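Grab a coffee and open the model in your favourite viewer. Here are some exercises to work through, each with a solution you can follow step by step.

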Amino acid sequence: MAGSAVLALEDGSVFHGVSIGSEGSSSGEVVFNTSMTGYQEILTDPSYAKQIVTLTYPHIGSTGTNEEDNESRQVWASGLVIRDLPLLASNWRNEQSLDEFLKARKVVAIAEIDTRRLTRLLRDKGALNGCLLSGAALEAGGELEALRLAKAFPGLKGMDLAKQVSVKKSFDWQGGVWELESGYKVDSGNRFKVVAYDFGVKHNILRMLVDRDCEVTVVPAQTPASEVLAMKPHGIFLSNGPGDPEPCDYAIAAIAEFLEADIPLFGICLGCQLMALACGASTVKMSLGHHGANHPVENLKDGSVMITSQNHGFAVDEKTLPDNLVATHKSLFDGSLQGIERTDKPAFAFQGHPEASPGPHDVAPLFDHFIELMANQK
Amino acid sequence: MPRRTDLKSVLILGAGPIVIGQACEFDYSGAQACQALKEEGLRVILVNSNPATIMTDPVMADATYIEPVNWRMLEKIIEKERPDAILPTMGGQTALNCALDLNRHGILDKYNVELIGANCEAIDKAEDRELFDQAMQKIGLETPRHGIARNLEQAHEALEKVGFPCIIRPSFTMGGTGGGIAYNKEEFDEICQRGIELSPTNELLIDESLIGWKEYELEVVRDTNDNCIIVCSIENFDAMGVHTGDSITVAPAQTLTDKEYQILRNASLAVLREIGVETGGSNVQFGINPADGRLVIIEMNPRVSRSSALASKATGFPIARVAAKLAIGFTLDELRNEITGGVTPASFEPSIDYVVTKIPRFTFEKFPEANDRLTTQMKSVGEVMAIGRTFQESLHKALRGLEVGMCGLDPLLNLKLSDAKAILTRELTEPGAERIWYIADAFRAGWSLDTVHNLTGVDRWFLVQIEDLINDETMLAEKSLQDVDYDLMRMLKRKGFSDMRLSQILEIAEQAVQSRRHEMGIRPVYKRVDTCAAEFVSSTAYMYSTYEEECEAEPSDKDKIMVLGGGPNRIGQGIEFDYCCVHAALAMREDGYETIMVNCNPETVSTDYNISDRLFFEPLTFEDVIEIVQLEKPKGVIVQFGGQTPLNLVKRLEEAGVPVIGTSPDAIDRAEDRERFQQLIEKVGLKQPPNSTVRSVEEAIEAAKRITYPLVVRPSYVLGGRAMEIVYNEEELDRYMHDAVKVSNDSPVLLDYFLSAAIEIDVDLVCDGERVVVGAIMQHIEQAGIHSGDSACSLPPYNLPMEVQDKIREQVTALALELGVIGLMNTQLAYQDGEIYIIEVNPRASRTVPFVSKCIGRSLAKVAARCMVGQSLQEQGFLSEIIPKTFAVKEAIFPFNKFPGVDPILGPEMKSTGEVMGVGKTFAEAYAKAQMGAGEFFEKKGNAFLSVRDADKPHIAAVASKLLALGYSIVATHGTATVIEEAGLEVAGVNKVAEGRPHIVDMLKNEEIQLIVNTTEGKQAISDSSMIRRTALRHGVFCTTTVAGALAVCEALSFSGNMSVYTIQDLHAALN
């Protein structure tokens, strides 16, 4: 029989459930994600660093886990909150149950709680800091300790997490996107040389670049612009990542230099916010953020609607866009800004996740746009 | 893009009668489409032959034609109405086929009418297997290996390619009619032969068998800007090989990773684009090899479907409504998601935070000779849906909502039987209606997960959860109620166990479990279905119960009326009752009450969250209902409209203090309990056929001597004539009492003298306790002995003397007042030799209420609901019977073509699934239209074959002379021929099957017979002649099994005038 676990929130709410995964203590910002698929991708998405993720779909773990579905080299989420861990994982690609996967990676998690109650709470109050406690830590400190830790968590505002999750050394990426029959191709493109800043990059972004015949070099978050320019890339990619974009002054400075150099730039998520900051706009912390795989986004150029994967707690403030930075996409859920483009430079960015994984592939053509920009420059 | 301004009027095609494979989900979609287009200011023209639908209510469209859905009648309607466009995607296969016919016959061009939603090319591409395969190849998607055949020779060629086992499907038939799986040459030839005949294009598709593969379905919506969304994914519990309509299905898909799910998503969108579905909803079905994920496309439907109704209910996203708006030019982002109160747009993909389970409901007990194994041809007649936070909870809720006498995974098989293992093995490998319970039994017998998986092909993910539930049951069986502590009770309730099932396992009363649970404070909470997994606030009270921490019900303190629905459709209880429930809810809402609907049937209009203020999608068991009542505290609960389902709960609800309104349960009991009923009839001074209630075989034999034969025999308290038979002698009675029923003190058997030559009459009335207004008197066309639900009937009566009608009015009025009916009452009477007999009184909504309401222009169900909350008929201004000057005939529709081998003969047990209505200035016109609506075509020349029982011989010459006058030649079996010859008419004799060849079946097979009148009685005679009727059915030859029916057919055939089409609105206007 599994041991008990609690999830305590900074507002004093406490949820009692059972411990799954590893036992211990973990604090972070508690957010929810409404995607019904892709829990492994979510857990391994670096953008979830310092966040405890609640998945709203009740059965999580039904397909187990496998080597192919990781989006980075480790689990970044601070914890996982679910309603039900299935008795058995069933899928032809399953290699390890979710419970074992979490244990092996020392991830604290809780099941059997009313995740809908938690979701409604977060929806009404915005993301809250929280703490997961189980095992010896729970026995020792109890609920009160969990509450204390929840309140002690400093929150993500002002937190530069990108440099924490980034690789420490640059490397060349190999491998294209996954296919049903063949799995991953070990591959590398050679038509365009792309440098990808790793602020917490999801691997599927790199795979999609390779599929489009790019030779991809991944560089650490704090790599100076000069080093990158020395590599003479055809284009520079600014990745997604966790935390507040504002403290990432090193990246903002580098991006400003790239813009000056007229090199094609493509940003996703945090990369989008950083590009906006480099152009002189500002960003805000959203009350709740967007976390799901069903968000409709309108392409302002042609009115078409795409269903997108979203995961961000900060956003570009549309009111602060300078004249040479225009909105290209907006969320049909809340009207928030979802895409930007420089009118005078080959630079654009998207707030959601065109690389999907998890989520619909509707926005994938943005990668083609990046290729186009590089081709035009070549 | 806003709506097209060039469209001013749209014609919506309905689905026609309820049949297997096409049920009231198309009333749900059609009603939504009507509303969606009407509110855009379009003139809506509707055609549907099914009067029991909400969509054919006069307020739903501007011009409503309750006329046959076929191209000939449609041409008349189009000529009259000149619509700008036709929307063919709301009425199932019937509407699509009709649209193709209209195109083929040049009518679309002639009147310059455009198809919207799906055009002919798209329909053809989706429905024609060859075109579909080419289209799939073009976009790089695999379809199963297959061949197409138009004759047996081509079929054999195809077989070479696909091998055994293989799946055979006739083209263009709904619900896979006529298809099957062949494991050997003999089966192969048989199915192919049948399929070629059933397919309107005489075409078969022979597929590689994917038995054991996993099956998925995606519901896709696309708009004119090419924006596409997936509304819902559905995973089948049953592996491939069982028609998806007959499969237990679960939403969302459970065992796909995101990568695999996105492959299905991309493929679905590609399919829609390639097929060319420009706007609207479609579903795409996939098979996936569980070993390696290989994916094939099984089929796609370019229209809303049963699955889209399920997906709408499962997610809260109204697919049909949205599809209708898209068809007239709107785009998804211009439409709002109403369930969130419009906070979010319709251009998103619903996310759900619960599990939905659908279980089909079968009625094989009605067709004992039918093959009851589930195959690729759909056989179920209804379905139940349940919502829970986990699969276990939703499965448990669905099982008890099914109303098949199970309150969970009850044991089915006596595991001590010596052949238990063999039975289990068969039931697991060759699925029947009850496989889910046999799976549970296998785990009870200690079979391993792998064994059960290998035998069933069901994914281990599902199986392990059933095994877990059985382990819980076993653990609990060792305990007593005192041992069940809070944690254990909560755990069991969270897994969905009903109090009833727990009480069975603990061997105590259900009440005891409920009390203990309540003492512990373990009560369900209600969560909302909101399309968005709580991401946004939902203003809609669409709810389901679960055992969690937070309740979102937020009950108000307004005056509330709660309506209990009818649960899953079954033969005898279908759309008619849902119609009544919807009307009751609408009336109560109009009068200012807050309305609460409880039902668990996803196909229905009643479970549309717009119909009532609060919708509880819950099983209709005592436990589930009482918890809602205690939460909501309604002022009144209406149980009269949902058929037998809510009535079965009345006693316990009343004991629990629930304010049941309307006719008192005691009055219902007086009508249903035969002994009390007899006293009632005597008290009012009326007549009933001699009868008796018996509790043993001996008593039955004794009573029969007094009553004399023939007898109608049946168990008490049934709906739809379950197990009802006519017996002609002691031997048959003895067999019936031994084999057909379990007779006991608690469940006695009723014997009635059978009035074999009577005219049967149905009367619906409404009563406020003081005044009675007759809704209508309906004369059955088939004579007594045919279940009233299976008999055609005429409103007003077509040859019942006026004074008899007046006497009937007096009698039913006296009965209603004596019973103190408040609401509806249905009475069945028989008229024979100058006497009126009361056969049955049902103080509740009846199957004919919607038909009557359509004929008289007044909703009886609404009037009745208002009576129940205390409004007198006087106050409502409904004071006298409305008798239409036109005739309306209701004809029943039967599922015999789905059950090869079943004798298509009518009897006292109800077998029809649906009904059509025909309207005319004369009875003949109305009856002819009703037959046309039922899909019967009479060839007005050729041979009519007559063969009748002795009792009918005095009347057969009249039939023969009419047929001769119509131009037929008469062929008859020798006994019948003698009678006809004696009347001086020309007739040719033919052998019965037993008399040697060539015989009548040879003639049928040689297509030498165009019309059949075949009446018969007695077990032996019926079985001797069944070959004739079965062959007739296969060859599409019209066959009537009563003389009265034959005479009505003669009338219809003699109707030579040009058939006119009438709108219900005009007919109603003429009544005033």
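## Exercise 1: Around a helix in chain B

Just after H32(B), Gly935(B) takes a positive phi of about 85 degrees. Keep in mind that this is a predicted model.

**Task.** Work out whether helix H32 (residues 923–933) of chain B is enclosed or open, and find what covers the buried residues of H32(B).

**Solution.**
- Step 1: set the cut-off. A residue is buried if 20 or more other C-beta atoms lie within 10 Å of its own.
- Step 2: apply it along the helix. 11 of the 11 residues of H32(B) come out buried, so the helix is largely enclosed by the rest of the structure. Among them are Phe923(B), Tyr927(B) and Met932(B), and also the charged-looking names you might want to check, Glu925(B) and Lys929(B).
- Step 3: look for the cover. It includes strands S32 (793–795), S35 (887–893) and S36 (914–920), along with helix H37 (1043–1054), of chain B.

## Exercise 2: A helix and its length

**Task.** Check the span of helix H3 (residues 92–104) of chain B against 1.5 Å a residue, then find which residues in H3(B) are buried.

**Solution.**
- Step 1: get the expected value. The rule is 1.5 Å times one less than the number of residues, so the 13 residues of H3(B) should span 18 Å.
- Step 2: compare. The end C-alpha atoms of H3(B) are 19 Å apart, which agrees.
- Step 3: go through burial. 11 of the 13 residues are buried, so H3(B) is largely enclosed by the rest of the structure. The buried set runs through Gly92(B), Gln93(B), Thr94(B), Ala95(B), Leu96(B), Asn97(B), Cys98(B), Ala99(B) and Leu100(B), and also has Leu102(B) and Asn103(B).
- Step 4: step past the end. Just after H3(B), Gly106(B) has a positive phi of about 75 degrees.

## Exercise 3: A covered strand and its partners

**Task.** Sort the residues of strand S17 (residues 355–361) of chain B by the way they point from S17(B), and find how many bridges join S17(B) to S18(B).

**Solution.**
- Step 1: recall the pattern. In a regular strand the side chains alternate between the two faces of the sheet.
- Step 2: sort. Val355(B), Thr357(B), Ile359(B) and Arg361(B) point one way, while Val356(B), Lys358(B) and Pro360(B) point the other way.
- Step 3: check cover. 7 of the 7 residues of S17(B) are buried.
- Step 4: add the neighbours. Strand S12 (residues 249–251) of chain B pairs with S17(B) in the antiparallel sense over 3 bridges, with Thr249(B) opposite Lys358(B). Strand S18 (residues 382–388) of chain B is also antiparallel to S17(B), through 7 bridges, and there Arg361(B) has Gly382(B) as its bridge partner.

## Exercise 4: An open sheet

**Task.** Which strands stand at the edges of the open sheet of 4 strands in chain B?

**Solution.**
- Step 1: write down the order. It is S26-S29-S27-S28 (chain B), with antiparallel pairing.
- Step 2: read off the ends. Strand S26 (691–694) and strand S28 (725–727) of chain B each have a single partner strand, so one side of each is left without a neighbour in the sheet.
- Step 3: note the twist, which averages 25 degrees from one strand to the next.
- Step 4: zoom in on one edge. S26(B) and strand S29 (residues 749–753) of chain B run antiparallel, joined by 4 bridges, and Asn691(B) stands opposite Asp752(B).

## Exercise 5: Chains and their contact

**Task.** Test the radius of gyration of chain A and chain B against the globule rule, then describe the contact.

**Solution.**
- Step 1: chain A. It has 10 helices and 19 strands. Its radius of gyration is 20 Å, close to the 21 Å from the rule for 378 residues, so chain A is as compact as a globular protein of that length.
- Step 2: chain B. For 1072 residues a compact globule would be near 31 Å; chain B has 28 Å, which agrees.
- Step 3: the contact. It takes 45 residues from chain A and 47 residues from chain B. On the side of chain A that touches chain B, the residues divide into 17 nonpolar, 17 polar and 11 charged.

Terms used: Residues are numbered from 1 along each chain as its sequence is written. Chains are lettered from A and ligands numbered from 1 in the order in which they are written. This is a predicted model: local features need pLDDT of at least 70, side-chain atom pairs count only at pLDDT 80 or more; totals for chains, interfaces and linings use all residues. A residue is buried if 20 or more other C-beta atoms lie within 10 Å of its own, exposed if 12 or fewer, and partly exposed in between; C-beta atoms are placed from the backbone. Helices (H or I, at least four residues) and strands (E, at least two) are DSSP runs, numbered from the N terminus. Two strands pair if DSSP finds at least two bridges between them. Two residues are in contact if their C-beta atoms, placed from the backbone, lie within 7 Å. Ala, Val, Leu, Ile, Met, Phe, Trp, Tyr, Cys and Pro count as nonpolar, Asp, Glu, Lys and Arg as charged, and the others, Gly among them, as polar. Axes are lines fitted to C-alpha atoms, for helices over the stretch in contact, and angles run from 0 to 180 degrees between N-to-C directions. The radius of gyration is taken over C-alpha atoms; the globule rule is 2.2 Å times the number of residues to the power 0.38.
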